[in-house]
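Trainee: I should like to take a close look at a single part of this structure. Would you please describe one strand, its partners and its surroundings, in a connected way?

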Amino acid sequence: QAAYDREIIADLGGEEKAEVTLSEIWRHMERQANGEKGDLLTNGYADIFYIRDAKGTLWAVSDYWYADGGGWSLGADSVESPSRWRAGRRVLSR
């Protein structure tokens, strides 16, 4: 279902349980480097991760598999953003 980042984080049990590292995201993308099936979506929908930067700010990081381009694309937005994730996205956490 559609949800805001704060709703997702609360459902996961709080920031500590939601947070992953950039290297964990990278490992997932490496395992599916050619769009293979696995933990990440390869259907054009976003996977959502939450990572903290060096200043302590929590970010919503999304990855998308672009079949036409043959690779992954990453983006990041503040978890305070008023944007809402549409249904069909997958959240990966601890």
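Mentor: Let us begin with a pair of charged side chains. In this predicted model, Arg-52 and Glu-15 form a salt bridge, with their closest N and O atoms 2.8 Å apart. Arg-52 belongs to strand β1 and Glu-15 to helix α2 (residues 15-18), so the pair ties together parts that are 37 residues apart in sequence. Arg-52 is partly exposed, with a relative accessible area of 32%, and Glu-15 also counts as partly exposed, at 27%.

Arg-52 has a further salt bridge, with Glu-19, and here the closest N and O atoms are 3.1 Å apart. This pair links distant parts of the chain, since Glu-19 is in the loop between α2 and α3 (22-31) while Arg-52 is in strand β1, 33 residues apart. Glu-19 counts as buried, because its relative accessibility is 18% and the cut-off for buried is under 20%. Salt bridges that share partners join Arg-6, Glu-15, Glu-19, Arg-52 and Glu-80 into one network. Within that network, the side chains of Glu-80 and Arg-6 meet at 2.6 Å, N to O. Glu-80 lies in the loop between β3 and β4 and Arg-6 in helix α1, so this pair ties together parts that are 74 residues apart in sequence. Glu-80 is exposed, with a relative accessible area of 56%, whereas Arg-6 is partly exposed, at 35%. Side chains of opposite charge can pair when their charged atoms come close.

We now turn to the strand that holds Arg-52. Of the 6 residues of β1, 5 are buried, so the strand is largely enclosed by the rest of the structure. Strand β1 is part of an open sheet of 4 strands, in the order β3-β2-β1-β4, with mixed pairing. The edge strands are β3 (71-78) and β4, each of which pairs on one side only. Strands β1 and β2 run antiparallel and are joined by 6 bridges; in this pairing, Asp-47 stands opposite Asp-63. The hairpin of β1 and β2 has 5 residues between the strands, and in it Gly-56 takes a positive phi near 95 degrees. Strand β4 (residues 90-91), by contrast, runs parallel to β1 and is joined to it by 2 bridges. There Asp-47 stands opposite Arg-90, and Ile-48 opposite Val-91.

The strand also contributes to the interior. The largest nonpolar core has 11 residues, including Ile-48, Tyr-50, Leu-58, Ala-60, Val-79 and Trp-85. Helix α1, β1 (47-52) and β2 (58-66) each supply at least two residues of this core. Apart from it lies another core, of 8 residues, among them Val-20, Ile-25, Leu-40 and Leu-92. In soluble globular proteins, nonpolar side chains tend to be buried together.

One charged residue deserves attention beside these nonpolar ones. Asp-5, in helix α1 (residues 5-12), is buried yet has no salt bridge, and the nearest side chain of opposite charge, Arg-6, is 7.6 Å away. The side chain of Asp-5 does make a polar contact with the side chain of Trp-85, at 2.6 Å. Leaving aside neighbours within four places in sequence, Asp-5 is in contact with residues including Tyr-50, Ala-60 and Val-79. On the same basis, Ala-60 is in contact with residues among them Asp-5, Phe-49, Tyr-50 and Trp-85.

Notes. Residues numbered from 1 in each chain as written. Predicted model: local features only at pLDDT ≥ 70, side-chain atom pairs only at ≥ 80, totals over all residues. Heavy atoms only, no water. Buried < 20%, exposed > 50% of the residue type's maximum accessible area, 1.4 Å probe, protein only. Lys, Arg positive; Asp, Glu negative; His and termini not counted. Salt bridge = Lys/Arg side-chain N within 4 Å of Asp/Glu carboxyl O. Polar contact = N/O pair within 3.5 Å; in protein donor to acceptor, adjacent residues only side chain to side chain. Contact = heavy atoms within 4.5 Å. Core = buried A, V, L, I, M, F, W, Y, C linked by side-chain atoms within 4.5 Å. Pairing = 2+ DSSP bridges.
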